[in-house]
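Reader: I am new to reading protein structures. Can we go through this one step by step?

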Amino acid sequence: MNKEDTSFGYDEDNSVKYIQSTMSRDLLGQLTEDDIKYLVDLIYEYYEEKGYLNDDADDDIEIDEEDLIKYISKNAKKANIKSLSTEQIEAVIEGELAYCDTLDEDDEE
């Protein structure tokens, strides 16, 4: 994902800060900003592979979180990223989804 995607107000740095603000202190100390950015990139790679980012994609997409976690774990291992726990991955996914929800709220105003 680009550092700043102005098409819908997405900003990578703001995303990382938001994700960090939603994580427990225990998890926060385990992931660097670069780790979080990499995991967010994997989230969007997954979305793209599944066709969720296509213009004609259904607005009510149901994401299989278990499949997404497996995808992230597998690709992080391939890239020789340190071992990630399911809890760490879930925290980043939840934070990213929450951040995107704040963007949707801003669009509605």
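Reader: Is Cys 100 buried or exposed?
Author: This is a predicted model, so every value here is computed from it. Cys 100 sits in helix α5. Its relative accessibility is 18%. Buried means under 20%, so Cys 100 counts as buried.

Reader: Which residues does Cys 100 contact, leaving aside its neighbours within four places in sequence?
Author: Sequence distance can mislead here. Gly 9 is 91 residues from Cys 100 in sequence, yet their C-alpha atoms are 9.4 Å apart. With the neighbours within four places set aside, the contacts of Cys 100 are Tyr 10 and Tyr 44.

Reader: What pattern does the chain follow along the sequence?
Author: Start with the parts. The chain has five helices and two strands. Read along the sequence, the pattern is β-β-α-α-α-α-α.

Reader: What share of the contacts with a separation of 6 or more joins residues 24 or more positions apart?
Author: The chain has 109 residues, and 35% of them are buried. Now take the contacts with a separation of 6 or more. Those between residues 24 or more positions apart account for 62%.

Reader: How far does helix α3 reach from its first C-alpha to its last?
Author: Helix α3 covers residues 33-50, which is 18 residues. At 1.5 Å a residue, the expected span is 26 Å. The helix comes close to that, reaching 26 Å.

Reader: Which residues of α3 are buried?
Author: The cut-off is a relative accessible area under 20%. In α3, the buried residues include Asp 35, Ile 36, Leu 39, Val 40 and Leu 42. The list goes on with Ile 43, Tyr 44, Tyr 46 and Tyr 47.

Reader: Is Asp 34 buried or exposed?
Author: Asp 34 belongs to helix α3. Its C-alpha is 9.0 Å from that of Val 16, which is 18 residues away in sequence. The relative accessible area of Asp 34 is 59%. Exposed means over 50%, so Asp 34 is exposed.

Reader: What phi does Gly 51 take, just after α3?
Author: Gly 51 comes just after the helix. Its phi is positive, at about 85 degrees.

Reader: Are α1 and α3 roughly parallel or roughly perpendicular to each other?
Author: Helix α1 covers residues 12-22. Its axis comes within 10 Å of the axis of α3, and the two cross at roughly 110 degrees. Angles of 65 to 115 degrees count as roughly perpendicular. The two helices are therefore roughly perpendicular.

Reader: Which residues make the contact of α1 with α3?
Author: The residues of the contact divide into four nonpolar, two polar and five charged. From α1 come Glu 12, Asp 13, Ser 15, Val 16, Ile 19 and Gln 20. From α3 come Glu 33, Ile 36, Lys 37, Val 40 and Asp 41.

Reader: Which backbone oxygen lies 2.8 Å from a polar atom of the side chain of Thr 22?
Author: Thr 22 is found in helix α1. At 40% relative accessibility, Thr 22 counts as partly exposed. Its C-alpha is 9.5 Å from that of Tyr 99, a residue 77 places away along the chain. The backbone oxygen lying 2.8 Å from its side chain is that of Ile 19.

Reader: Where does the side chain of Gln 88 make a polar contact with another side chain?
Author: Gln 88 lies in helix α5, residues 86-108. With a relative accessible area of 5%, Gln 88 is buried. Its side chain reaches the backbone nitrogen of Ser 85 at 2.7 Å. The polar contact with a side chain, at 2.6 Å, is to Gln 30.

Reader: Which residues does Gln 88 touch, not counting those up to four places away in sequence?
Author: Gln 30 appears again here. The others are Leu 27, Leu 31 and Ser 83.

Reader: Which residues does Glu 90 touch, not counting those up to four places away in sequence?
Author: Glu 90 is also placed in helix α5. It counts as partly exposed, at 28% relative accessibility. Met 23 is 67 residues away in sequence, with a C-alpha separation of 9.9 Å. The residues that Glu 90 touches are Glu 65 and Ile 69.

Definitions and conventions: Residues are numbered from 1 along each chain as its sequence is written. This is a predicted model: local features need pLDDT of at least 70, side-chain atom pairs count only at pLDDT 80 or more; totals for chains, interfaces and linings use all residues. Side-chain values use heavy atoms; hydrogens and water are left out. Helices (H or I, at least four residues) and strands (E, at least two) are DSSP runs, numbered from the N terminus. The expected span of a helix is 1.5 Å times one less than its number of residues. Buried means under 20% relative accessible area, exposed over 50%, partly exposed in between (1.4 Å probe, protein chains only). Axes are lines fitted to C-alpha atoms, for helices over the stretch in contact, and angles run from 0 to 180 degrees between N-to-C directions. Angles under 35 degrees count as roughly parallel, over 145 as roughly antiparallel, 65 to 115 as roughly perpendicular and the rest as oblique. Contact means heavy atoms within 4.5 Å. Ala, Val, Leu, Ile, Met, Phe, Trp, Tyr, Cys and Pro count as nonpolar, Asp, Glu, Lys and Arg as charged, and the others, Gly among them, as polar. A polar contact is a pair of N or O atoms within 3.5 Å; within protein, one must be able to donate a hydrogen and the other to accept it, and residues adjacent in sequence count only if both atoms are side-chain atoms.
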